[in-house]
Amino acid sequence: MRWIVLLLLLSACSQSYMVSDNLAYPYNLPPVGSKLVLMQEVAIEPGTTRTFLQRGRTTTLGDFNRYRANCNFEVENLSDKAQRIEPDTFIIKKVQRLMTEVVRQYNHRSGYINVEFGDPGSPMVTHGYHLWLSSEKQPDVMRMTCRGAFDDLSRSEPPSINEIRKALGDIAELVLAA
């Protein structure tokens, strides 16, 4: 009986990140060993380490819509010159869950009655994944981060595989490991 329990525990530890074959399900992480194929050059502006992708277009931190799924490439080294990520195939070597929280601030002026609906302490969050990348040609390319829509804590979900692919558009392709 002990061996059966041990076998079940060990098999549970080796399960895939994919909990469903449905690529629209938001809790399917891209499996380690998957590939990210960059098909177009991506530019990173001077003084930054990231460039954002949304709806198949590149954008900046200040311009992307936080209420839609988005991704960003990130390089390791900051430069005062523009940087480029060349077309390449990157191996996903690690997948890490991500949650970013922004606490709401309310304007509480004395003399006014403040009416709030819902939980005033509920944070706005975005859930997502850090996809740590590996490339022999471009070791400075550190990771791609993909986030779901920015929303209330109770409604926020990470992006599905399909939403990640829509954010990447024709710029990059996510090829899942078997």
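1. Quick reminder before the strands come up: two strands pair if DSSP finds at least two bridges between them, and helices (H or I, at least four residues) and strands (E, at least two) are DSSP runs numbered from the N terminus. With that in hand, S7 (residues 88-102) and S8 (residues 124-134) pair antiparallel over 11 bridges. Within S8, His127 is the residue that stands opposite Met99.

2. Some housekeeping. This is a predicted model, where local features need pLDDT of at least 70, side-chain atom pairs count only at pLDDT 80 or more, and totals for chains, interfaces and linings use all residues. Residues are numbered from 1 along each chain as its sequence is written, and side-chain values use heavy atoms, with hydrogens and water left out.

3. S7 has another antiparallel partner to look at: S1 (residues 35-38) joins S7 through 4 bridges. Lys35 is bridged to Ile91 of S7.

4. Now the largest nonpolar core (buried Ala, Val, Leu, Ile, Met, Phe, Trp, Tyr and Cys residues joined through side-chain atoms within 4.5 Å; buried is under 20% relative accessible area, exposed over 50%, partly exposed in between, with a 1.4 Å probe and protein chains only). It has 26 residues, and those touching the most other members are Leu36, Leu38, Phe73, Ile85, Leu133, Met144 and Leu168. Elements that each supply at least two of its residues include S1, S7, S8 and S11 (172-175). H2 gives the largest share, 4 residues.

5. Leu133 is worth clicking on. Setting aside neighbours within four places in sequence, its contacts (heavy atoms within 4.5 Å) include Leu36, Phe73, Phe90, Ile91, Val141 and Met144.

6. There is 1 disulfide (cysteine sulfur atoms within 2.5 Å). Cys71 is joined to Cys146, S to S 2.1 Å. Cys71 sits in S5 and Cys146 in S9, so the pair ties together parts 75 residues apart in sequence. The S-S torsion is about 110°, so this disulfide is right-handed. Cys71 is buried at 1% relative accessibility, and Cys146 is buried at 0%.

7. Last stop, Thr51, in S3 (residues 50-54). Thr51 is buried, with a relative accessible area of 6%. A polar atom of the Thr51 side chain lies 3.2 Å from the backbone oxygen of Ala43. Beyond residues up to four places away in sequence, Thr51 touches Val42, Ala43, Ile44, Thr58, Thr59, Cys71, Asn72 and Phe73; of these, Cys71 is one end of the disulfide.

Definitions and conventions: A polar contact is a pair of N or O atoms within 3.5 Å; within protein, one must be able to donate a hydrogen and the other to accept it, and residues adjacent in sequence count only if both atoms are side-chain atoms.
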